[in-house]
Amino acid sequence: MNEKQQKNNTDIIINRRIKTDTIITSHVNSDFDSVASMLAAQKLYPDSIVIFPGSQEKSLRDFFISSMSYLFNMATPSAIDFSSVKTLVIVDTKQKHRVPAVIELIERSISGLDVELHIYDHHPNQEDDLKGSFEVYCQTGATVTILSKILREKDIAITPEEATVMALGIYEDTGSFTYSSTTEADFIEAGYLVSCGASINTIADLITREISTDQVTWLNSLLNEITCHRINGFDIHISTIYSPSYITDLASIVQKLVKIEDINVFFAIVLMENKITIVARSRIEEVDVGQILSSMGGGGHAYAASAKITDKTLAQVELELLNIIKNRVRIRQIVLELMSSPPIIIDAMMPCSRASRLMTRYNINALLVSEGERNNLTGYVSRQVIEKTLYHNLAHLPVKEYMTTEMSTISPDADISEIQSKIMEGKQRILPVIRKSSPNNSDVAATNSESLNLIDKKDSISDSEVIGVITRTDLFNFLISYDKNSKIAHHETAHGREDKSVRNARKRNIEPFLKERLDLKILELLKDIGMVGDKIGVEVFVVGGFVRDLLLYRKSDDIDIVVEGDGIAFAKQLAEMKSGRCNTHPEFGTAVVILPSGFKIDVASARLEYYKAPAALPTVEMSSIKLDLFRRDFTINTLAIKLNLEEFGTIIDFFGAQRDLKDKTIRIIHNLSFVEDPTRIFRAIRFANRFSFTIGKLTLSLIKNAIKLDFFKNLSGLRVFSEIKQILEEENPIPAIENIREYQLDRVIHPEFSIDRETIAILSSVKKTLAWHDLLYLDVEYLRWSLYFMVMMRRTPIRVCEEICEKFQLPPRQRSIVLRDRLRADERLYLMEKSMAEKSADVKSQSFRNSELYNLMSPFRIEHILYMMATSKKEEVRKSISWFYTQLKDTAVSVRGRDLIEMGVKPGPDYKNIIQSVLEAKLDGQLKSREDELDFVKAILKKHN
């Protein structure tokens, strides 16, 4: 064949190629997400052609061949005339090397020629990412989530078959919504796709893959070859194996292994045929496997990634991977993670008896000892030593006489091996964390592993700052947490405090969630609060109910800020920044910032509370965020969100609060919680009622124990009443009141006070009455709690009621409402019901005349009017009271005193009688206008004369 004939044949082939303006493709070795994303993109670009890059996953290939191909306008790269392409759409990747079939088009786009590059992706940005002329990026669990949202917002119809494919992509890439990368948007779009007809059965058949015999073999091989590498403070698990044939669904096998072994970071390096495949999974933010494998030509996101490598041995790949991990994984600040701050330090001259009381107060097993200045450490003393001094009647002697002076210290940047060496080999109960305060001081024992005799070198310590302590139990729990065959029995914080919840705080960043849930003004306010914290160098957190309600999707405008440092100084800076006012309470280290709009922000220094006796008021001392949260009542109230800008939106959970929110359970933080503050029992009932939670079994047992041992006897009535009033202010307090009755807490109110079943029934009537009133939208203030409280005391003897009011220290006005005026309301209601019963049948239908009804009801406050409505046994009386409240109570006359003077009436008692007569006539419908009222007065005067 000559050159001319060859050219002619080539021209014929080119002319036969498909011409198209738009091509859609994705990465090689496509998964369900990439296939689903291409399908969704095809609906955004209707006349496009899809280049399917192929997949090695058997289940995906089978499903695609049998079920999905007809959904695509698809062609191979060789069948397309690339010269006609104007737009290249890439989904589920931004990496050039992962789309080799369209390199020609990418080069034309990079060169600024005639091809536009459109990218849709959910993977984190990398330095070598492609740059498109149009990009849509969002941090979701799956790329198809992004495209589904666009289709939904554009109102583009999706068939049930298309919805099934797209939902399949979301299910696979989120691990059926179990991967850490799953977002709220993934749930929303999956729900939308189900509404479009997505088949859950089809998805379940494909996602729930039965593991084959061969796969079990490979799973065992990976398990047997696991090696744990300690890199920058993290355990990195790696398995390296060889297979002469292709391993089906390797990613699925890896996922099962991670779940079985409960591993945080795992890399499977597998030589299959002549290629090496790496599949990685990570559960922790610090190890971004997508970023790590992108350095090896692969990709993925932070929690799941893969890579294909040729022309290298297994040993070379493993060595290269380890080097990349060492460079890419941030060093774990293990000391700062384990320590508690500030440390409790006592003076060397403190008597052993007082040191013993301090250990009991703080529930700790060791104390640091200093002489003179706080940072001048001279040793430490343990509980065992102190107990022996008491046993030998040496309680009056100073701890200096019996403290341990041979003590090692550690710096904040030390690693776990150094901590282990000093605590285990040195047999040291407590390890101080020392930070150099002077750059010229090189004598401070901080970075070497030698023991430091603090008596000989205390001058060097005095030039440094003691920022925290680590206990032996902290170290044990940290090491045990990596032993998958062991369970942590209990945790002791760096001061030895028992904490049965966690070893370290669970942390994750929820800034995207904050942006979705919070009003923009509140979000900006929280960021401003973080900026102030950065400005003055303190850690700042929003804590408690605000965070709890945020996660429960409940509205909350109460912002409580905790500052690790001087909360009052912080509050003053915040008030100045926001042009607001600041009210301070130095004795408690708290302040309230009032913004120009009137919005209030409560600020507190992180503090520790301890109780000198059961039910006593707490004593407050400065502390850390960890110990500040430890002092709170229930786990669900111990969440904190960091507001400093570098870590803005990081939620901190020391005590398993997120788990308890998910389980809908109220749990206390430590077993003496109700001993220290029995009012927490009422709070537990209130929260359980408000959120429809259950009280945990142990917590309920401790409630019954506190009631049995009567820890309320030393509790002031005012504190009990405060808790009861908050319960009665709830939208529906009746279940909580039933719990009070069930637990016999009514006896705490008064030994002769009880809540019976009839009272509970009337309380339901109160709830209905209040609901009726609130629907009137009258915008009137009233004491909501008082209605329930009056009903609760309705069947109680007057003497007992008076004693309850005295015990609760009710102010005179409130005492009058619930006692004297309530009794008057009961009497008036009795008379009204009796009068109604005595009326003849023909008059009864008219009930009371308006003027008669007005005179009966007008002397009473709104609380008593509603109280009478709720407690009346007669429907006619309730209707009459309702008529008065909605139609009569605001009736007024236009006749005034000056009108009577002009008519010649001398000032005196007649004024009131005349105006009252006018009012009654108007109420009874006799008078319609001012002229009618004046004529009526003239008639009265004429008759009188």
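Colleague: In what order do the three strands of the open sheet stand?
Modeller: This is a predicted model. Its three strands form an open sheet, and the pairing is mixed. The order is β12-β13-β14.

Colleague: Which strands stand at the edges, each with a single partner strand?
Modeller: An edge strand here has a single partner, so one side of it is left without a neighbour in the sheet. That holds for two strands: β12 (345–347) and β14 (377–382).

Colleague: Which residue in β13 is the bridge partner of Ile346?
Modeller: Strand β13 covers residues 366–370. Three bridges join β12 to β13, and the two run parallel. In β13, Ile346 has as its bridge partner Val369.

Colleague: Which helix packs on the sheet?
Modeller: Look for a helix touching β12, β13 and β14. Its direction makes about 130° with that of β13. The helix, residues 352–362, is α14.

Colleague: Now the helix pair. Is α34 parallel or oblique to α38?
Modeller: Two packed helices are described by the angle between their axes and the distance between the axes. The axes of α34 (residues 812–838) and α38 (residues 875–888) come within 9 Å and cross at roughly 120°. That angle makes α34, relative to α38, oblique.

Colleague: How many residues of the contact of α34 with α38 are nonpolar?
Modeller: From α34 come Leu829, Met832, Glu833 and Met836. They meet Glu876, Val877, Ser880 and Ile881 in α38. One residue of this contact is polar and two are charged; the nonpolar ones number five.

Colleague: Is the crossing of α34 and α38 left-handed or right-handed?
Modeller: Handedness depends on which way the near helix is turned from the far one. For α34 passing α38, the crossing is right-handed.

Methods:
Residues numbered from 1 in each chain as written. Predicted model: local features only at pLDDT ≥ 70, side-chain atom pairs only at ≥ 80, totals over all residues. Heavy atoms only, no water. Axes fitted to C-alpha atoms, helices over the stretch in contact; angles between N-to-C directions. Helix = DSSP H or I, 4+ residues; strand = E, 2+ residues; numbered from the N terminus. Parallel < 35°, antiparallel > 145°, perpendicular 65-115°, else oblique. Contact = heavy atoms within 4.5 Å. Nonpolar A, V, L, I, M, F, W, Y, C, P; charged D, E, K, R; others polar. Pairing = 2+ DSSP bridges.
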